[in-house]
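Thank you all for coming. I would like to walk you through one structure this morning, going part by part, so please keep the picture in view while I talk.

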Amino acid sequence: MTDTARQDDRIAETPFGKRRVKPRACIVESKHHVRSMLSEALEEQGFIPLACATLEDLDASLRSDFPDIIVISFSMNGLSVPGILNLLATRICAAKVLLIGPPDAPAVKAARQLGENLALDLLPVLSTPFSDRDLRARVAALVPAEPPSPPVDVAEALGAGWLELWYQPKINARSLSLSGAEALIRMRHPNWGIVPPARFIPDEGDPHFRALSDFVIGRVFQDWRYLVAKSGSIHISINLPLAFFTDTNAVDDLRMQFPNHPAFDGLTVEVDGSEVVQNLSLAVEAAHRLRFHNIGLSIDDVGTEWPTLAALKDFPFAEIKLDRKFVDGSSSARLKRSVCRQIVDLAKSHGVKTVAEGVETRDDFLAMHGIGVDFIQGFLFGKPMTTRKFAHSSRQRPTFAADA
């Protein structure tokens, strides 16, 4: 039986709980920093990255992991590309092969010719340097359009240690300096790769509902200590359900986990705007309690709810975040801009800061800047990223995303 036939049988016979939903990308590169960079880039595209530092590693991966794509970079003093290609041919590898390097370089041309002679399935060469958009164009056909279904059980994820927090930068709309970060939960499933929260966040009545909130609180302070050591102090926001504060001990439990560090300047807790509107009395009471412990309550995803909030005389909230549905395309939609402007005016009347979420184009950024938004979040300035990647990127002054 050929390796290809064994691969087909392996996938077909694997039970649902372990079946391959996300494609695997094998990065063949001797240099650790290149492997790490490519692993992160491919993970963001929806792959489970596999790193191979030697030909022996690659051989083992071909026999056990059955990667969907082999990624070969042309770095100085790297692995022998002819050796890699010949091994793929020997193992009758059915994976796509992506060469990364200058297309006109003699070594790249020679590798492509050898790959064709060996009947390997070559993708168009990915020229360096490359953007997220360039990489996406090469590998899009290999990534499933839909996330795994049914949703992943959160209890299993908590027990297995699959959960982590990613961080998206918050940018000062005037100075364009980094002003903070929002912590966003992700699952790193061993077979499904990175799973978005919509696939595993439990309902309010779920017995693991509180456990997930406790995980977020515990992890964010661990991450904060890492970030302050690597790149300096950063103000972090976390997302919690309003129901978390029905527990009278919730605020004290949160405060007791604060880092004992002179650079720690408190925390922002984001609560969905629809939850706030549905239980205004609890939201107002929680915001008052939190303020005494240097915790600000932020109202997230505010859009059509703003008239209800405008009716409040007591407004103890620290921040209002504009719903991305009204931010996206606001530069060319007068109605969206009008809603955003009224929310900003409401916030200013109470001395509250505003954040525009989902800013992905320069025109929308300029629209939000024009109506006086204080902070910006969105792909234009940065996607959610791992703690380590955020620590690295936060050392640099933020700029417009290259592929915006």
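**A walk through the chain**

The protein chain contains 16 helices and 14 strands, and I should say at once that what you are looking at is a predicted model. Of the 404 residues in the chain, 48% are buried. If we take the contacts in the chain with a separation of 6 or more, residues that are 24 or more positions apart account for 71% of them.

Let me begin with a sheet. Five strands, in the order E2-E1-E3-E4-E5, form an open sheet in which the pairing is parallel. Strand E2, residues 48-52, and strand E5 stand at the edges with a single partner strand each, so one side of each is left without a neighbour in the sheet. Helix H3, residues 55-64, packs on this sheet, where it touches E1, E2 and E3, and its direction makes about 140° with that of E2. Helix H2, residues 32-44, lies across E1, E2, E3 and E4, and it runs at about 160° to E1, which is the strand at 24-28.

Within this sheet I would like to dwell on strand E4, residues 96-100, which is mostly covered, since 4 of its 5 residues are buried. Which strands does E4 pair with? On one hand there is strand E3, residues 69-73, which runs parallel to E4 and is joined to it by 5 bridges; among the facing residues, Ile72 has Leu99 of E4 as its bridge partner, and Ser73 stands opposite Ile100. On the other hand there is strand E5, residues 121-122, which pairs with E4 in the parallel sense over 2 bridges, with Lys96 standing opposite Asp121. To get from E4 to E5 the chain passes through helix H5, residues 106-117, and this β-α-β crossover is right-handed.

Just ahead of that strand, in the loop between helix H4, at 81-90, and E4, we find Ala94. Ala94 has a relative accessible area of 45% and is partly exposed. Its C-alpha lies 8.7 Å from that of Ile69, although the two residues are 25 apart in sequence.

**Further along the chain**

Moving on, strand E7, residues 178-189, pairs with strand E9, residues 236-239, in the parallel sense over 2 bridges, and there the bridge partner of Glu182 is Ser237 in E9. E9 is also joined to strand E10, residues 267-272, by 3 bridges, and these two run parallel, with Ile238 and Val269 as bridge partners. Together with helix H9, residues 250-255, the strands E9 and E10 make a right-handed β-α-β unit.

**Charged side chains**

The count of salt bridges comes to 20, and I have picked a few of them. In one, Glu43 meets Arg188, with the closest N and O atoms 2.1 Å apart. Glu43 lies in helix H2 and Arg188 in strand E7, so this pair ties together parts that are 145 residues apart in sequence. Glu43 counts as buried at 12% relative accessibility, whereas Arg188, at 31%, is partly exposed.

A second pair is Arg63 and Asp59, whose side chains meet in a salt bridge at 3.4 Å, N to O. Both residues lie in helix H3, 4 residues apart, which is about one turn of the helix. Here Asp59 is buried, with a relative accessible area of 18%, while Arg63 counts as partly exposed at 48%.

A third pair is formed by Arg210 and Asp253, with 3.7 Å between the closest N and O atoms. This pair links distant parts of the chain, with Arg210 in helix H8, residues 209-231, and Asp253 in helix H9, 43 residues apart. There is also a network, in which salt bridges that share partners join Glu182, Glu270, Lys321 and Glu357.

Let me finish with Asp300, which is found in strand E11, residues 295-302. How far away is the nearest side chain of opposite charge to Asp300? That side chain is Lys321, at 4.5 Å, and Asp300 is buried yet has no salt bridge, the cut-off for one being 4 Å between nitrogen and carboxyl oxygen. Leaving aside residues up to four places away in sequence, Asp300 touches several others, including Asn239, Glu270, Asp272, Lys321 and Glu357.

Note on methods
Residues are numbered from 1 along each chain as its sequence is written. This is a predicted model: local features need pLDDT of at least 70, side-chain atom pairs count only at pLDDT 80 or more; totals for chains, interfaces and linings use all residues. Side-chain values use heavy atoms; hydrogens and water are left out. Buried means under 20% relative accessible area, exposed over 50%, partly exposed in between (1.4 Å probe, protein chains only). Two strands pair if DSSP finds at least two bridges between them. A crossover is right-handed if, with the strands pointing away from the viewer, the path from the first strand over the helix to the second runs clockwise. Contact means heavy atoms within 4.5 Å. Axes are lines fitted to C-alpha atoms, for helices over the stretch in contact, and angles run from 0 to 180 degrees between N-to-C directions. Lys and Arg count as positive and Asp and Glu as negative; His and the chain ends are not counted.
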